[in-house]
Structures are given as structure tokens and as C-alpha cells.
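Here's a quick tour of a two-chain model. We'll start where the chains touch, then look at a pair of helices and some database annotations.

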Amino acid sequence: MNGLMLVARREITTQVRTKGFVIGLLITALLVAAVSFAPKVLGGDDSYTLGTVNSQQLPLQAAAPDTTFEWRAFPDEGAATQAVLDGDVDAVLVNGSKVLTDGKIDDELGVLLQSVNREVKLGAAGVSIPPLQMQSVGADTRYESARAGIAVVLVLVLFMLIMGQVMMVAMGVVEEKGSRIVEILLSTVRPWQLLGGKILGLGTLGLINLVTILVVGLGSAMASGIATDFPPGIPGLVAAVLVWFVLGYAFFAALAAAFGSLVSRQEEVGSVLTPLTMLVMITYFVAFYATNDATGTLATVVSYIPPFSSMVMPVRMAATEVPLWQVGASMAAMVLAVLAVLAFGAKIYERAVLRTGARLKLGDVLRTK
Amino acid sequence: MLEINELRKRFAGGPGAPAAKIALDGISFAVRPGEMFGFVGANGAGKTTTMRIVMGVLQADSGSVTLRGAPLSPDDRRRFGYMPEERGLYQKMRVAEQIEYFGRLHGMSATAVTKATDDLLEQLGLTERKNDAVQALSLGNQQRVQLAVALVHDPELLILDEPFSGLDPIAVDALATVLQERCRGGVPVIFSSHQLELVERLCDSVGIVSAGRMVAEGAVADLRAAERNELRVVVRNPAPGWADGLPGTVTVDGDRHTLRATGGDDQEILRRAVKAGRVEHFGAEQPSLTEIFKEAVA
């Protein structure tokens with residue numbers, strides 16, 4: 001096994017064995033599952049319990065096939081009122097002419113009751129009205145809110161994972177520099193192997209996290225039934241998110257290693273990384289803005305500019321249909337940027353990692369050989 | 001044979017950094033197979049810089065390091081064992097895992113490294129601590145782990161920067177024994193130290209560095225021979241003026257007269273001393289390494 005893989009393997013085994021990693025992963029999985037079930041629990045009812053007093057049940061099921069209705073009969077208006085107030089039923093139809101509710105009726109249910117009631121009465125009078133044909137001449141907007149929701153969740157996950165793993169890279173670099181292990185390491189492996197192994201190992205851990213989130217998220221969405229609201233193309237989106245995570249992480253991790261190698265103490269990591277954390281935050285904010293306006297000029301333009309593209313393009317892909325060539329072009333630009341940053345980061349790291357002591361200035365490191 | 005030829009290294013100064021400093025000013029020496037080479041010099045003389053350059057951790061501005069006549073390659077260096085001056089271990093990693101990790105980095109197979117680690121832990125008396133995190137060990141034991149990290153891959157050459165610093169006398173002996181064993185097995189050992197008696201006791205050859213240059217180098221005995229050997233004669237209660245006409249100076253302490261002389265006919269001096277009184281001491285004074293060192297760096 002070569003140096004790069006050995007270094008990567010050490011990063012993975014050391015981290016996986018810590019309590020923090022295992023607990024973190026469990027908490028993430030639980031949170032994701034909770035989020036996936038939440039709309040089911042909190043969101044609008046997809047089932048109504050209705051009561052009748054001296055009335056026929058209305059054929060609501062035919063008008064709203066996705067909703068389930070349960071009917072109960074009450075002997076008189078008094079019993080029905082009590083059931084409404086107790087919350088046992090959502091609404092009660094009295095004498096086929098009046099609806100009792102606790103407060104204002106649910107909009108959807110109200111419209112449904114009115115229109116079905118009208119139809120039944122008209123049908124009884126021999127009038128039948130063919131339902132209106134609905135036809136969209138614009139984009140398919142059925143999934144707009146689902147898409148926006150997915151985009152918001154995705155960009156948050158990408159942001160948190162990239163930020164977390166990037167911090168780990170910087171702290172690992174400083175651990176090795178501060179304790180001078182790096183001196184023994186560099187007498188056996190080349191700097192790029194050491195740096196590459198660290199980035200690779202911690203990136204793999206990030207991917208494990210991401211895959212867990214995706215699997216648990218999609219799994220619970222299917223289990224809870226909200227997956228039926230998902231737009232088509234989810235597998236493609238998942239694949240793209242994995243690629244974007246790898247690219248975004250590689251970009252920021254190379255910079256984190258370069259900045260981290262400038263200091264020798266863990267306490268200084270935070271301050272030396274400030275420009276980088278700012279950059280990650282800005283990327284996140286731009287991407288978050290794009291979730292609101294995924295088809296706008298800003299989102300479109302920025303989705304080509306590394307490193308912003310690493311979060312903005314996934315948002316666009318989730319929120320709208322993006323032509324494949326656009327995704328390809330954006331990825332190509334990002335790959336080039338990643339390669340450039342890796343080369344730059346490795347250079348800084350190589351020059352700075354053995355110069356222990358006071359914090360080094362980036363400019364000095366670049367000037368001196 | 002490891003040869004260090006005319007190494008030069010200058011550290012640039014900069015804003016906020018110390019002024020530019022010449023760390024190595026053309027240092028040269030050679031270490032033969034099975035030789036224990038002691039590297040001595042004042043703080044900042046260039047010992048650590050030299051060792052770092054040999055290990056490839058630093059680049060020299062000019063000069064070369066060759067092994068058996070060929071420039072050192074990264075592969076050569078992977079077969080070296082190195083203990084840097086600043087000790088470094090992963091504090092949270094377990095002892096055995098840490099040693100194995102470095103063994104693997106040196107290119108050992110998984111099975112070979114397990115066996116080598118067990119043997120070393122046994123030899124260094126750390127077997128019971130093998131699954132403890134390094135941070136749970138005493139400093140002395142951490143130093144042993146550090147040594148194990150340098151030895152695990154059965155190195156072809158050992159470079160140890162201040163391996164004895166901070167050790168108690170028993171640990172010093174234990175470490176010295178390990179190094180002598182390796183050395184007898186044909187592995188050249190280069191180590192730096194400020195404990196000159198130790199260097200004198202252990203080393204076949206010594207190199208004295210001052211201001212980035214090798215000011216004296218060779219077997220300890222040769223260095224002594226090169227020094228002017230001083231004759232010291234102690235005579236009890238001699239006749240006054242007994243040493244008139246002899247080279248050297250006489251100091252008087254009560255009835256003890258001590259003559260220190262360099263050069264001159266020692267047999268003639270002895271005859272005169274015997275005639276003058278009771279000779280308590282007659283002999284050439286061997287300078288200690290400390291004296292040679294002080295002389296060399298002065």
C-alpha cells in the first residue's frame with residue numbers, strides 16, 4: 001500500500017473509532033428521519049373525519065382521490081356539535097344544508113364540500129357539467145414546492161458537511177505540525193502524499209455521512225409516503241450531489257490545509273481559517289438565495305463560478321430542470337479550479353508545515369522558497 | 001558509507017522573523033558502516049539542520065548527501081530510522097498501532113510490521129502498554145515509543161537528534177544498549193548530544209560542529225592525539241629550584257609541586273623529579289572530549 005492510502009486509512013480508522021463520529025452519525029440519521037416524517041405529522045391532513053346529521057354522505061372520494069374520508073353519523077345536532085368541539089370530527093354536515101366546524105373550515109375541505117354538494121344537487125336536477133380540462137402551457141410546476149424544499153435541505157447538508165470536514169482537515173494539519181510528527185512523516189512520504197491522504201481520508205468520512213443522510217432521508221421519505229410528492233429525476237440529483245460534495249470539499253479542504261499549515265497551535269486554527277470560513281459561508285448564502293430564485297440571472301451566472309457552483313448548481317438542479325451541458329460545463333470549471341487549488345495548497349503546505357513557531361504570513365511563505 | 005559533502009544552508013530572514021542566518025557553512029563528514037558517530041556542537045551550531053537535510057525534511061542550498069557514492073533518494077531515506085529533536089507522536093493513537101503505522105509508511109508488510117512491533121515492545125519493556133494511548137504514558141515511555149518508531153523497520157541507518165535528552169541514567173543505559181546492538185549489526189548510527197561523556201563512551205567517531213562547519217572530526221583517540229598532550233608531574237617536598245631549566249610551569253600547593261609541561265624530554269624530566277623528591281604522579285594528561293570540544297569551538 002502506498003503512502004497516500006496508508007495516510008488516508010489512518011484518518012478513517014482513527015475517526016471512525018471515536019465516540020464523536022459514531023454519535024454524530026446516529027444523531028444525523030435521526031434528525032434526517034425526523035425531518036422526512038415531519039411534513040406527514042405536522043403538515044395538512046390528508047384525511048378528514050366527517051360527520052352527518054340527517055344527511056347523505058357526499059361522494060367526496062371521487063373528487064379527491066388522494067384524500068381519505070371517514071364518515072360518522074350523529075343522532076342530532078347537539079351530539080354533532082359536541083363531537084366537533086371535542087375535535088373528534090373535522091366537520092359535520094347537518095340536514096344536507098349546513099356544515100358545523102370548530103372555527104373557520106379548512107380551505108381545501110370547504111371548497112371540496114361546496115363543489116361536491118353543488119354537483120350532487122345539480123345532478124339530482126338532471127344537469128351535468130363536464131369538468132374543466134386543465135392544461136399547462138408553461139413549465140411543469142407541479143413539483144415546484146417539493147423541488148424548492150429539496151434544494152433548501154440539500155444546500156444546508158452540503159454546507160454543514162463541507163464546513164465540518166474542512167475544519168477537520170485544518171485541525172489535523174495543525175496537530176501534525178504542532179507535535180512535529182510531520183518531521184518523521186515527511187522523511188517517509190512526500191508532502192503531497194501526506195496532504196492528499198489526509199484530504200482523501202476525511203473526504204471519505206464526509207461521503208459516509210452524506211450517503212447516510214441521503215439513504216436515511218430517501219428511505220424515510222418513502223416510508224412516510226412523502227416520496228410520492230418528489231419530482232422525477234431524484235437518482236440523477238443524488239448522483240450529482242455526491243459529485244458536487246466531492247468537488248466542493250476538495251476545493252475548500254486544499255485551502256484549509258494551506259491555511260492550517262501556517263499555524264502551530266490548535267487555538268490559532270479558527271482565526272487563520274477566517275477567510276476560508278467566510279468564503280464557505282458566502283457560497284452557502286448565495287446558494288440559499290438561489291433556492292428562492294433558482295431561475296434568476298444571479299443563480300444562473302454564479303452556478304458556473306467555482307467555488308460557488310459547488311452549492312449553487314445542486315440548488316438549480318434540485319429546483320429546476322438544468323440542461324445537462326450546463327451541469328457539465330459547470331463541473332468542468334470546478335474540476336479545473338480544484339486542481340489549481342490543490343496545487344496551490346500543496347505548495348503552501350510543503351513550504352510552511354516544517355516552519356513551526358509563530359504564525360506565518362501567507363505572503364512570506366509564497367515569497368520564500 | 002554515508003557522505004555529507006559541503007552542505008550549505010541559509011535561512012532567510014523576513015519581516016517579523018529573525019535576521020537571515022547561515023545555518024550550514026560547508027559542512028562535510030562521512031559515516032562508515034557499523035560506526036557510531038557522535039555529533040556534538042553548541043546550540044545553533046547546525047546539527048539539527050544537517051540531520052534534517054540528510055532525512056530530506058529540509059533542502060540544502062548546495063552540497064550533497066550520498067550513500068555508497070550515489071545521491072540519496074526518497075527510497076533510501078525510507079530505509080533510514082529518524083528520531084527528530086522535537087518529539088512527535090499522535091497522542092491519541094495507541095502505542096502498538098502507532099509503531100505499526102510508521103512501519104507501514106516505511107514500506108513494511110502488515111504481517112512483518114506486527115511481528116517487528118511486538119519484538120520491539122518486548123525489548124523496550126512496553127508490552128503491557130501496547131494498547132494504551134500514547135498520551136497516557138510517562139515522558140520516558142513516550143521516548144521509548146519514539147525510539148521504537150525509528151527502529152521498527154529495521155533501518156539501514158539511524159539518525160537520532162538528542163536521543164538521550166531528558167532520560168534518567170537507567171533509561172540512558174537501556175537506550176545505549178539498544179543502539180550498540182544495532183551498531184554491531186552493521187547499522188551506522190549518527191546521534192547528536194550535549195552529554196559529552198556519553199558520546200566519548202559510546203562513539204567510535206566524533207564530529208564537532210561550530211557555526212555550521214565541522215571543526216574537528218575523527219576517532220576520539222585520534223582527536224586526543226592531535227591535541228597537545230600535557231605532561232603532569234607531582235613531586236612532594238622537592239629541593240627548591242628543582243625544575244629550573246625544565247619546560248613548563250610549576251604550581252605549588254603546600255609541599256606539593258606540580259609541573260605541567262608540553263614538549264621537552266619526558267625522561268629527563270622524570271630523572272630530575274625523582275632526584276628532587278617523592279614523585280606522586282607522572283603521566284600524560286589525556287584531554288577529555290569536553291576539553292577537546294571547548295578547544296575546537298573556541
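## Where the chains meet

Two residues count as in contact here if their C-beta atoms, placed from the backbone, lie within 7 Å. Keep in mind that this is a predicted model. By that yardstick, 18 residues of chain A are in contact with 21 residues of chain B.

On the chain B side, α2 (74-78) and α3 (95-105) each chip in at least two residues. The top contributor to that side is α3(B), with four residues. Sorted by class, the side of chain B that touches chain A has 13 nonpolar, four polar and four charged residues.

## A helix pair in chain A

Over in chain A, helix α10 (residues 269-292) packs with helix α12 (residues 309-319) at an angle of about 15°, and their axes are 8 Å apart. Angles under 35 degrees count as roughly parallel, so α10(A) and α12(A) get that label. Their crossing is right-handed.

Which residues of α10(A) meet α12(A)? They are Thr283(A), Tyr284(A), Val286(A), Ala287(A), Ala290(A) and Thr291(A). Across from them, α12(A) brings Ser310(A), Met311(A), Val312(A), Val315(A), Arg316(A) and Ala319(A). By class, this contact has eight nonpolar, three polar and one charged residues.

## What the record says

An unreviewed UniProt entry lists "transmembrane region" for several stretches of chain A, including residues 237-260 and 272-290. In the model, residues 237-260 of chain A are 100% helix, with end C-alpha atoms 33 Å apart. Residues 272-290 of chain A are also 100% helix, and their end C-alpha atoms lie 29 Å apart.

How values were computed. Residues numbered from 1 in each chain as written. Chains lettered and ligands numbered in written order. Predicted model: local features only at pLDDT ≥ 70, side-chain atom pairs only at ≥ 80, totals over all residues. Axes fitted to C-alpha atoms, helices over the stretch in contact; angles between N-to-C directions. Parallel < 35°, antiparallel > 145°, perpendicular 65-115°, else oblique. Left-handed = near helix turned anticlockwise from the far one by under 90°. Nonpolar A, V, L, I, M, F, W, Y, C, P; charged D, E, K, R; others polar. UniProt positions renumbered as here; feature names shortened; annotations may be inferred.
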